[in-house]
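User: Hey, I'm new to this one. Can you walk me through it?
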Amino acid sequence: MSRPVPGSWLRGTVIRKGGISTGSSTRTSTPQIQSTSNTVFGGGVKDASGRVSEYSSMDDTCPVCKSDRYLNPKLRLLVSACYHKMCESCIDRLFTLGPAPCPICAKILRKLAFTPQTFEDLGVEKEVAVRRRMAKEFNKRREDFPDLHSYNDYLEEVEDIAFNLINDIDIPETEARITAYRQENAALTELNVQREEQYQKYLKEKEDAERQEREQRALDLRQIEEEEREEREKERREIIDKLETSDKDAAKLIARSRAEALRRTNARHSSSAVAHARLQRSRTAQTIVFADVPHVPLQDDWYAYEDKFVIRDDYDDPASEAVRRDRDGIMRAGGYRVEEAWERALRSAVAGLEIMPLQGLSSQDTTVSGGQDVLMTS
Amino acid sequence: ASSSKRSIYEASTQYRHWRFSPEDLAHTRASLNTAAVSLIRDAFEADEARSSANVSFLNADEESLLVKLYLTKIPQLCSLFQFPEEVEATAMTYLKRFYLKNTVMDWHPKNVMLTALFLATKTTNHPIPVATYTSRIPKTQPSDVLDLEFLVAQSLGFDFAVWHAHRALWGSALDVQVLPDITSAEVRRVHQIALNYVHASRLTDAEFIYTPAQIALASLSMVSAPLAEIWARRTYADKADLLLAVLEPIKTMISTHGQAPDVEAVRNVDRRLKLCKNPEKVVGSRAYMKKQEEAEQRASEKRKRKAAAARKAMEEGDPFGSELAGDVGIEDDDDDD
């Protein structure tokens, strides 16, 4: 944060927009916000990822002293705790000597209570601040509730409180509700905070691991490329040498060296493919395995002939030979298991075997649709 | 089997809707045929008086003969397209079921067969585009196949899932490997030959009377009766004799009716069919046009009625009609005339 050049406004070298030199375009890069006072809060907006910059517009005007960027290029409007904007010089002027009433709404404010603006709409700013505060305290998840209904009730309660706080409805009563909730749920809230932290940490670790792996693979790939290029060069040089020195048939020489080169590349490809496959398998094995919910079998009245056949691990089955040989392969659709096909066949071999055929004419008139046409959509 | 539970096969539509006794089948076909003949006779009369006296209509057996011929064409088509066996079996079932609900004189089996095969490819999850399908069949347009598709589906009662005997036979071939002293070469041989008998059974009415497991066991028994008996006794210790008794009529059916029909006889039937076809279904004939007009008239009348009712309601001030004024609401009976 540099100080303005003293007396530059007299010499007329003060730049109109922001504090950046006219060399860089002020359209594409966000104008740097520089504080004009070193007693007011000079930090940036509250953002962990560092991608959000402070809000400022070209026609900012301080509502208190009505100054704008024309005369004061480093104008910076900060927001009070009662969500009114003021320029830094006004804040200095009004609050340096201690707490004073806000010139717009007469609420008592301290100088520290001013923060830079993130959003264009102050309503949004207020809402974000309220929700940020509430998120620290109200962090229950769906799993903490016995059923969906109670979870929804909890969410509605949270929204209710948020709405009251944002729109200044029944503030003391709402605050009382918050304290009541806090006292009741202190333990669970704490637990959830820890869970959240752990999860963030886990995500970050995973991300780092993935990034490392990617870099490693890129490195490997580059190495392989290098090697291949070198080999090709060497091969060419060898051919030339051989052609020069030996007196055998030129075509045969070339063919032989080509065959060797091909063998070498094949060997390398297979080894790298094996390594790659191993890597993929280890990666899938490492992903967290969540314990399965105990399986509740279908409960219905149908007899599925389980006692009439025993399925073995392996059959001599020409129909499925191709699929079974291709164990890892491209032939299978996701989730296909030969055992399931065999089970279906075995079941259909016994299903209905004991159902005796009907005999004689059935009692009711078999209705025949020889009458009215079935209507077609044409 | 616990007594309270019912066989899972009883949940299938094949058991619930497409299971008949031999007498039932004959009766259904006969009554269908008579009803159709009388309708077509009326159509002929309406078209041109006294014309129907010279026309000799087909009877139920002749209809079956024609359907059987087209049944034999399905495996040929399937080998052309390389469709799996399931498609072939499903298509043949669809064709047979269709002609339990409709008559050959209304819908010629040639296009119905193509439509049934196309529908079978879709329902068994082996679909191909209709353009590809018709481009490889000579003298066929996509519209020939698609026009009948809904009709076929409706006649099947939308019961698209079929239990097939060849799958039951495959299951038997697997289960038989559990038996001691049977070689896998023998199993393969028996399986192959029994499969031929299953193919023959598809030309018969077996699937309407017996369950696929019974048909499969009958085919197995025709190849190797002792093997079938051993397996049956192993699976059903108590009911084995009953089961083996059921197999006898199936074997007779397969051996007597499981062949392609005599081409000359079918050609005769086809020739007569050209004359006794229902004129109302022939696109472009007078009767067809008349029927179209009648349908159009009924539809326009209904539209006018609806419009009049709506107008009246609007004028009276309440667009939904007021219950006090006595209109209980417009009859909304859609398209079922």
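User: Which residue is the bridge partner of A:Leu78 in E5(A)?
Analyst: That's A:Pro116. Keep in mind that this is a predicted model.

User: How many bridges join strand E1 of chain A to E5(A), and which way do they run?
Analyst: Two bridges join them, and the strands run antiparallel. E1 here covers residues 77–79 of chain A.

User: What's the strand order in that sheet of chain A?
Analyst: The order is E2-E1-E5, in an open sheet of three strands with antiparallel pairing. Strands E2 (85–87) and E5 (115–116) of chain A are at the edges, and each has a single partner strand, so one side of each has no neighbour in the sheet.

User: Which helix lies across E1 and E2 of chain A?
Analyst: Helix H2 of chain A, residues 88–95. Its direction is at about 90° to E2(A).

User: Switching topic, how many residues of each chain are in contact?
Analyst: On the chain B side there are 56 residues, in contact with 47 residues of chain A. Between them the two chains bury about 4,900 Å², with 62% of that on carbon and sulfur atoms.

User: And which residues in chain B lose the most area to chain A?
Analyst: B:Trp170, B:Leu174 and B:Tyr236, which together make up 12% of what that side buries.

User: How many salt bridges go across?
Analyst: The rule finds two across the interface of chain B and chain A. One salt bridge joins the side chains of A:Glu321 and B:Arg188, at 3.6 Å from N to O.

User: What about polar contacts, how many residue pairs?
Analyst: There are 14 such pairs across the interface, with both residues at pLDDT 80 or more. As for where the chain B side comes from, helix H2 (residues 22–47) of chain B gives the largest share, nine residues. By class, that side has 27 nonpolar, 13 polar and 16 charged residues.

User: Which strands pair between the chains?
Analyst: Strand E6 of chain A (residues 302–303) pairs with strand E1 of chain B (residues 6–7), in the parallel sense over two bridges. A:Tyr303 has B:Ser7 as its bridge partner in E1(B).

Definitions and conventions
Residues are numbered from 1 along each chain as its sequence is written. Chains are lettered from A and ligands numbered from 1 in the order in which they are written. This is a predicted model: local features need pLDDT of at least 70, side-chain atom pairs count only at pLDDT 80 or more; totals for chains, interfaces and linings use all residues. Side-chain values use heavy atoms; hydrogens and water are left out. Contact means heavy atoms within 4.5 Å. Buried area is the accessible area (1.4 Å probe) that two parts lose on being put together, summed over both. A salt bridge is a side-chain nitrogen of Lys or Arg within 4 Å of a carboxyl oxygen of Asp or Glu. A polar contact is a pair of N or O atoms within 3.5 Å; within protein, one must be able to donate a hydrogen and the other to accept it, and residues adjacent in sequence count only if both atoms are side-chain atoms. Helices (H or I, at least four residues) and strands (E, at least two) are DSSP runs, numbered from the N terminus. Ala, Val, Leu, Ile, Met, Phe, Trp, Tyr, Cys and Pro count as nonpolar, Asp, Glu, Lys and Arg as charged, and the others, Gly among them, as polar. Two strands pair if DSSP finds at least two bridges between them. Axes are lines fitted to C-alpha atoms, for helices over the stretch in contact, and angles run from 0 to 180 degrees between N-to-C directions.
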